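Visitor: I'd like a close look at just one part of this protein, the strand pairing. Could you walk me through how the strands are put together, and then what sits around them?

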Amino acid sequence: ERLEKVRNRSIRVARSCKELRGRYDEREDGVYYLTTGNGMLYQTYCDMTTAGGGWTLVASVHENSIYGRCTVGDRWSSQQGNNADLPDGDGNWSNRNTFGTVESATSDDFKNPGYYDITAEDMSVWHIPNNLPLEFWNLEAAAVLRYHTENRFLRLYGGNLFQLFKQYPVRYKVGTCSDRGPAIPIVYDHGDVESTKKLYGPNPRREFEPGFITFRAINWESAAMAICSGVKPTVGCNTEHYCIGGGGYFNPEEQCGDFPSFDYDRLGKEQGWSASKEMTEAAVLLFYH
Ligand code: G3P
Ligand code: CA
Ligand code: CA
């Protein structure tokens with residue numbers, strides 16, 4: 001039955017799921033073809049339900065080994081070892097490199113051309129358990145956390161993350177803790193401020209405010225992180241325990257990786273500085289609208 005729906009789905013020329021929703025009245029959640037401004041065809045997932053639909057999956061951040069130290073699979077920080085001479089690490093937050101496929105977005109990192117090609121206004125974020133098959137992603141009960149923004153903040157930062165992170169580089173030693181990027185209020189689609197707090201450890205809870213998505217955080221040791229999902233750092237600068245992605249150098253080196261120090265007090269111990277096991281073992285899906 002699912003394949004029958006796909007069979008009936010025409011290949012449209014559209015640059016985003018928002019365009020598929022608006023111009024062609026596509027309403028089903030699932031995989032669609034999109035086309036870049038240069039005419040390159042690719043496939044991704046469209047959320048045609050949340051807040052009127054039209055959300056394009058552009059990336060997923062997946063932690064394949066919390067014990068890795070900027071090793072294989074750490075595409076959103078560095079796969080080249082913890083190295084202060086490579087302050088940008090792999091540089092994927094602000095380049096046109098792409099990797100992965102939509103169906104493997106909960107099993108490995110994913111980045112498609114929409115990440116830099118689409119001009120968007122808002123974002124949504126889904127934390128979905130690792131390895132969950134695509135046909136279950138939209139079941140709200142399956143999600144660890146889901147939210148979206150609605151203040152069109154991307155208009156102020158060039159229309160997408162590619163441009164935002166050019167303005168706020170995810171780079172070691174780019175600045176100090178007070179030089180973080182924008183913190184944007186979120187609207188919850190699954191979860192709330194209380195459940196957000198519990199996804200991270202008791203110690204980080206004292207240094208963030210839930211109900212936001214924050215871009216480009218910097219910790220005490222001058223390591224940069226890309227996204228603090230669900231929270232805004234307020235006091236204290238130990239952002240390695242609740243922010244994801246990074247540049248190419250962390251101190252100590254155990255912290256280098258896509259989910260930098262979510263396991264500081266051991267994986268999923270939900271004590272001290274460690275994030276919860278469900279958060280640590282969930283992929284972070286990034287959508288544009
Ligand atoms: O990020 C926490 C680490 O920097 C030190 O924490 O509590 O061992 O002083 P603590
Ligand atoms: Ca990864
Ligand atoms: Ca620290």
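Guide: We'll go through a sheet, then a run of paired strands, then the calcium sites and a few backbone oddities.

This is a predicted model: local features need pLDDT of at least 70, side-chain atom pairs count only at pLDDT 80 or more, and totals for chains, interfaces and linings use all residues. Residues run from 1 along each chain as its sequence is written, chains are lettered from A and ligands numbered from 1 in the order written, and side-chain values use heavy atoms, without hydrogens or water.

Let's start with the open sheet. Its three strands come in the order S7-S10-S11, with antiparallel pairing (strands are DSSP E runs of at least two residues, helices H or I runs of at least four, numbered from the N terminus; two strands pair if DSSP finds at least two bridges between them). The edges are strand S7 (183-185) and strand S11 (224-228), each with a single partner strand, so one side of each has no neighbour in the sheet.

Now the contacts inside that sheet. Strand S10 (residues 212-218) is joined to S7 by three bridges, and the two run antiparallel. If you want a spot to click on, isoleucine 184 has isoleucine 213 of S10 as its bridge partner. S10 also pairs with S11, over four bridges and again antiparallel. Here isoleucine 218 is partnered by alanine 224 in S11. S11 may be an edge strand, but five of its five residues are buried, so the rest of the structure largely encloses it (buried is under 20% relative accessible area, exposed over 50%, partly exposed in between, using a 1.4 Å probe and protein chains only).

S10 and S11 also make a hairpin, with five residues between them. In its turn sits serine 222, whose phi is positive, about 70 degrees, although it is not a glycine.

Next, the run of strands S1, S2 and S3. S1 and S2 pair antiparallel over six bridges, and valine 31 stands opposite tyrosine 45 in S2. These two strands form a hairpin as well, with five residues between them, and this time glycine 39 is the turn residue with positive phi, about 90 degrees. On to S3: two bridges join it to S2, antiparallel once more, and aspartate 47 is matched with tryptophan 55 in S3. As for burial, five of the seven residues of S2 are buried, so S2 too is largely enclosed by the rest of the structure.

S3 also leads us to a metal. The calcium ion (ligand 2) has as protein donors His62 (O), Gly73 (O), Asp109 (OD), Asp109 (OD) and Asp258 (OD), at 2.2 to 2.5 Å (donors are N, O and S atoms within 2.8 Å of the metal, 3.2 Å for Na, K and Ca; water is not among the atoms, so sites may look incomplete). Along the sequence, the spacing of these donor residues reads H-x10-G-x35-D-x148-D. Histidine 62 and aspartate 109 lie in the loop between strand S3 (55-61) and strand S4 (110-111), so the pair ties together parts that are 47 residues apart in sequence. Both histidine 62 and aspartate 109 are buried.

There's another calcium ion worth a look, ligand 3. Asn238 (OD1) and Glu240 (OE) coordinate it, at 2.2 to 2.3 Å. Asparagine 238 counts as buried because its relative accessibility is 16%, and glutamate 240 does too, at 2%.

Last, the backbone. Lysine 173 is a residue other than glycine with a positive phi, near 65 degrees. You'll find lysine 173 in the loop between helix H4 (161-167) and S7, so following the chain from there brings you back to the edge of our sheet. Lysine 173 is exposed, with a relative accessible area of 61%. Then there's a cis peptide bond between asparagine 251 and proline 252, with omega about 5 degrees. Proline 252 belongs to the loop between strand S12 (231-233) and helix H6 (277-280).
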